[in-house]
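Here is a short report for a reader meeting this structure for the first time. Please keep the sequence and the 3D view at hand.

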Amino acid sequence: MSTFAQVLLDGLLAGMLYALVAAGLSLIWGVMDVINFAHGEFLMVAMYMSYWLGFLAHVDPIVSWIASGAFVFILGVLTYRFLVSRCIGKAAMAPLLATFGLSMFLKNLCLNRFSPNFRILQSTLLEGKKILLGNIVIGMPQLVTGIFSLLLLFALYFLMKKTRLGWAIQATAMDREAAELMGINTDRIYLLVFGLGGACVGIAGGLLTSYLAVHPEVGSLFGLIAFLIVALGGFGSIPGALAAAVIIGLVEALAGFYIAPVFKYVAVFAIYLAVIMVRPKGLFGW
Amino acid sequence: MKTGKLEKKDLLWIGLIGILAVLPLVPGLIGNTFRAHVLILILLYASMAQSWNIVSGYAGQVSFGHSVFFGIGAYGAGMAVVTYGLTPWPGLLAGAVLAALVSLLISYPCFKLKGHYFAIATFAIVEIFNRLFMVWDWVGGALGLDYPILPDGWKNFVWSETKVGFYYGALVLFILIFGIVRWIETHRLGYYLRAVREGQETAESLGVNSSAVKLSAMAFSAFLAALCGGFFVQYNYRVDPPMVMSLDMSMKFVLITILGGVGSFWGPLLGAAILIPLQEYSRAYLTALGSGVDLIIFGIIIMLMMIKQPKGIVGILQDLGIGQRKKEGEGN
């Protein structure tokens, strides 16, 4: 029984982090109808940022997530200004393929500069710390990352639902031309949304370094899982992303433990396909 | 029908095949050179891209799952040789038929999904196949299948002395696939495909059975992609899941076609003729700059192309006034 609870808890914590990664993608997708294919690579860049800050300047991930988040915010803004804004509306698949080109560029640039080696940050503040609940072990890095992700997700939800900026973003998502007529600078909104989406995944990446090794391929799987979560939750929906992320996290943990570790992603992708066949627009999609 | 235009296009096509067919007769041009390797890859990747173009270019259903069909073809030929000690030919045929069947099974439910949802579903399918093949002992698992040493010739479809055999093999594949697409383009199925791409509801209201049209395009496309996979495994003497069934391989189908010009007959060839030499020569000559330089360049080219001309090289040529055709057959 305690094994089962342990597996559930691991899945839940992983799901909370996935939710933050996916929320950034969902925001961009929901507002602009653009898939940012470089989303996973944004995560990788954030992890490298946090790793080097920790390794060279001895800044702990518990602080350096701010720098990672800010860095990827800027990266997102630049990506929108110089890449995405120039191919939006030209052809249906142009932004997707352009950001795929960016992902290839970033991944191989990091491979070229930092080698394919796995790098893990040593002697961080939370390293090795655990909470014991009976037979259940909770790793502090995972717990802090999970809870922090959840808090940020609430903050993002609040931003979207309760502030003028959030309303402007929602209005732009519903109808760009109408929003423009209401005096909203929609180009500025798009820029900001791309930055915010980047900041979400940047912060997630910054926190992840406290327990996960960074390497040039690390973003690929996270990116793919984020696509599934967004499509499963229904694009643009933050509660949808959270629900879908928790489902994915739990399925991954349960299948990995009770079937076999190699089948955990097979189970994740199969669950996604099964749900999408019944609800083609995702759980919370409209 | 603009018969004048069609004849001109056919002349270009026949002339190109003629030139490609006599190339190996020029002494020292093919042989066992790096140039031969690049030419073979151009023909192979152009064929792969054209097979993808049928369902994604002409019919507008953008699939990121073609490495699954490619991989099934590769494993068909590979298992016939390695596991069963046969020639690759029965395996090639079985793999291609199986790929077409698998494509129907996958597409039947997935065609209900629209736009990005369809694309992401095909990603998921690639990952599922990749991971299942990695642990499936019958197909060699993560280690894959390594070819034994076999006598050269068409029977085994391997050559170790010279690449001329592989060159002609790739050329046959190229003529077959481009010929089929040429046929589809000028016959009823081609018009149906484009009608479905431009507006499924409108096409249906005019009596086009859109799901039958899309499914048959997918089956054709998967069958031909699997043939390319069979060639690929023979050429590399080995196969493992990341080589053939991966998102990266799927993206090659997509990128070459898109960079050349999606939904156009010459697009896949133009895309392959520019990207493949670039990739192979930069990989060979820029190694001093470290690993991944070829893919960095690749990434930059994709970004620039999407910014400047998402219609690809065909679009650039049209801007320059070359190969101007009437609207039909052009993608966007």
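Does D33(A) count as buried, partly exposed or exposed, and why? D33(A) counts as partly exposed because it has 16 C-beta neighbours inside 10 Å. A buried residue would need 20 or more such neighbours, and an exposed one would have 12 or fewer. Bear in mind that this is a predicted model.

**Two loop residues with positive phi**

D33(A) sits in the loop between α1 and α2 (39-57) of chain A. Its phi is near 55 degrees, a positive value in a residue other than glycine. H58(A) also has a positive phi, of about 55 degrees, and is not a glycine. The loop that holds H58(A) lies between α2 and α3 of chain A. H58(A) counts as exposed, because it has 10 C-beta neighbours inside 10 Å. Why remark on the sign? Most residues other than glycine have a negative phi.

**Chain A as a whole**

Chain A has 11 helices and 2 strands. Along the sequence the order is α-α-α-α-β-β-α-α-α-α-α-α-α. The radius of gyration of chain A is 19 Å, close to the 19 Å that the globule rule gives for 286 residues, so chain A is as compact as a globular protein of that length. Its C-alpha atoms fill a box of roughly 60 × 45 × 35 Å along the principal axes. Of the 286 residues, 55% count as buried. Contacts in chain A often span the sequence: among those between residues at least 6 apart, 77% join residues at least 24 apart.

The two strands belong together. Strand β1 (residues 130-133) and strand β2 (residues 136-139) of chain A pair in the antiparallel sense, over 4 bridges. L132(A) stands opposite V137(A) in β2(A). β1(A) and β2(A) form a hairpin with 2 residues between them. In the turn, G134(A) has a positive phi of about 65 degrees.

**The nonpolar core**

How many residues does the largest nonpolar core have? It has 214 residues. Those with the most contacts inside this core are A22(A), V193(A), L228(A) and I229(A). Helix α1 (residues 2-32) of chain A gives the largest share of the core, 16 residues. V193(A) touches L27(A), I28(A), V31(A), M32(A) and I169(A), leaving aside residues up to four places away in sequence.

**Where the chains meet**

The contact takes 33 residues from chain A and 33 residues from chain B. On the side of chain A that touches chain B, α3 (61-87), α4 (94-114), α9 (218-233) and α11 (264-278) of chain A each supply at least two residues. α4(A) gives the most to this side, with 12 residues. By class, the side of chain A that touches chain B has 28 nonpolar, 3 polar and 2 charged residues.

**Two helices of chain B**

Do the lengths of these helices agree or disagree with a rise of 1.5 Å a residue? The table sets out both.

| Helix | Residues in helix | Expected span | C-alpha end to end |
|---|---|---|---|
| α6(B), residues 164-186 | 23 residues | 33 Å | 32 Å |
| α13(B), residues 293-308 | 16 residues | 22 Å | 22 Å |

The spans agree for α6(B) and for α13(B).

Buried residues of α6(B) include F166(B), Y167(B), L173(B), F174(B) and I177(B). E185(B) is also buried in α6(B). The buried residues of α6(B) pack against α2 (34-58), α7 (188-198) and α9 (210-236) of chain B.

In α13(B), the buried residues include D294(B), L295(B), I296(B), F298(B) and G299(B). What do the buried residues of α13(B) pack against? Their partners are α3 and α4 of chain A, together with α11 (247-260), α12 (267-285) and α14 (312-319) of chain B.

**Two prolines in helix α4 of chain B**

P90(B) lies in helix α4 (residues 88-110) of chain B. P90(B) is partly exposed, because 13 other C-beta atoms lie within 10 Å. P90(B) and A80(B) are 10 residues apart in sequence and 7.1 Å apart in space, C-alpha to C-alpha.

P109(B) is placed in helix α4 of chain B too. With 14 C-beta neighbours inside 10 Å, P109(B) counts as partly exposed. The C-alpha atoms of P109(B) and V38(B) are separated by 39 Å, and the two residues are 71 apart along the chain.

Definitions and conventions. Residues numbered from 1 in each chain as written. Chains lettered and ligands numbered in written order. Predicted model: local features only at pLDDT ≥ 70, side-chain atom pairs only at ≥ 80, totals over all residues. Core = buried A, V, L, I, M, F, W, Y, C linked by C-beta atoms within 7 Å. Contact = placed C-beta atoms within 7 Å. Nonpolar A, V, L, I, M, F, W, Y, C, P; charged D, E, K, R; others polar. Expected span 1.5 Å × (residues − 1). Rg over C-alpha atoms; globule rule 2.2 N^0.38 Å. Pairing = 2+ DSSP bridges.
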